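Biologist: I'd like to go through this model with you. Can you put it up on the screen?

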Amino acid sequence: MLVGLILAFIGTIQLKMFGAQVFVADFVGIIMVRLMGAIMTGIIMAGRTGASFAAQIGTMQVNEEIDALQTFGISPMEFLVLPRMLALIIMMPLPCLYADAMGILGGIVVSVGIFDITLAEYLNRTREAVTMTNLWIGLFHGVVFGILVALAGCLKGMQCGRSASAVGEATTSAVVTGIVAIVAATAIITFVCQVLGI
Amino acid sequence: MGYGDFIVMRDLNFSVNRGDIFIIMGASGCGKSTLLKILIGLKRPLSGQVFYGDSNFWEAHPSEREQMMRGFGILYQYGALWSSMSLAENIGLTLQRYTKLNHRQIQEIVSLKLSLVGLAGFEGYYPSNISGGMKKRAALARAIVMDPDILFFDEPSAGLDPISARSLDDLILELRDSMGTTIIIVTHELASIFAIGDNSIFLDVDLKTMTASEDPNRLLAESENPTVRRFLTRGKEGAVEEKL
């Protein structure tokens, strides 16, 4: 919600110079739904879930549980990584939608509360500007970020050394790697969408 | 065998007879656990071969190697039980994956194996709820659940009180005598070595090679190697110089 609030605040100040402050609804709606909702969700998931994956799997590495899986003929990738990745792929769209809604609400709070745009006007503009294409692209971002966060967390956990401090390092590294991967993926997807004209 | 350019041990040449309890012994840091990892498929040797029967373990196709590994049972030093699963789930996992047994049959086998190691009734407990000794026993139940041809133990007595260690030795002997299982044990616990070992090798940490290969009791009686004697007599005999 705060991101939507910030976007609306900064956007309105700039748009007001051209008498176009009503388009803040388009601005906030498109950015939140297409991009920022997924990015904020991805960053929070990297910090919460990616770190958790790295810590869990890193601890298993320290306790030789992963060695035990391998020697019992159970693939750690299939048993540990794949379920976690599937879980994030399936679940990420939901918090993304929630983040989108909260971001738009933040925009409403600023626009209606401070800049005298009516609620009806704001909602109408949002409904017109935010197309299904934007929504699907936003959800696609969410799914991609889910994969990246799961991969970063699980990979860092599997690469963890055999000590307690190594688990801490793996956890931190998983968060940083996840966030960097999210930013890089955003750039790539944005470029691809531009090329495809969507 | 080694890690990158660091050689841990070289020129290891030994064989293990079927049905023997074979001890791999040596000072701390000599490479016993590294050797064990090579034998059980966790680490590839820098050079050399490992044969199980006529099958070259590390030259085999990964699927063949995996098939050979299904005949192994491994007890890790601290148990390595999967912490997110109950004891029953830990022990039953391989039965679920590699047999066509139904749930009830798996539960029965799990209960039987837990009874064998003195943990009857602990099926629903999690590794975090039991003591270190109980974890070892549960891990042993997991290691024997598929009735393996070869059992590997990594420091089985580590962390156990003398009475529990003795009970474990008795259990190991019983497993060998009743199931004919070949058992390979990495340890430096002298009481166990002399009590249960049929044959052994000694890994010399300074020379980075094996310097003895014999029944441990005969080594104690007859070996003239000072390092081996020092190890087997807990420092009473053999090399006097201390490395600081």
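Biologist: Which residue stands opposite Ile150(B) in β8(B)?

Modeller: Keep in mind that this is a predicted model, where local features need pLDDT of at least 70, side-chain atom pairs count only at pLDDT 80 or more, and totals for chains, interfaces and linings use all residues. Residues are numbered from 1 along each chain as its sequence is written, while chains are lettered from A and ligands numbered from 1 in the order in which they are written. Strands β7 (residues 150–154) and β8 (residues 182–186) of chain B pair in the parallel sense over five bridges (strands are DSSP E runs of at least two residues, helices H or I runs of at least four, numbered from the N terminus; pairing takes at least two DSSP bridges). Opposite Ile150(B) in β8(B) you'll find Thr182(B).

Biologist: And which are the edge strands of that sheet in chain B?

Modeller: It's an open sheet with mixed pairing, and its six strands run in the order β6-β7-β8-β3-β9-β10 (chain B). Two of them pair on one side only: β6 and β10 (209–214) of chain B.

Biologist: What angle does helix α6 of chain B make with β8(B)?

Modeller: Helix α6 (residues 162–179) of chain B packs on the sheet, touching β3, β7 and β8 of chain B (contact means C-beta atoms, placed from the backbone, within 7 Å). Axes are lines fitted to C-alpha atoms, for helices over the stretch in contact, and angles run from 0 to 180 degrees between N-to-C directions. For α6 and β8 of chain B, that gives about 155°.

Biologist: How many residues does chain A put into the contact with chain B?

Modeller: Chain B gives 15 residues. Its elements that give two or more are α2 (62–69), β6 (72–75) and α3 (87–98) of chain B. From chain A, the number is 10 residues.

Notes:
Two residues are in contact if their C-beta atoms, placed from the backbone, lie within 7 Å.
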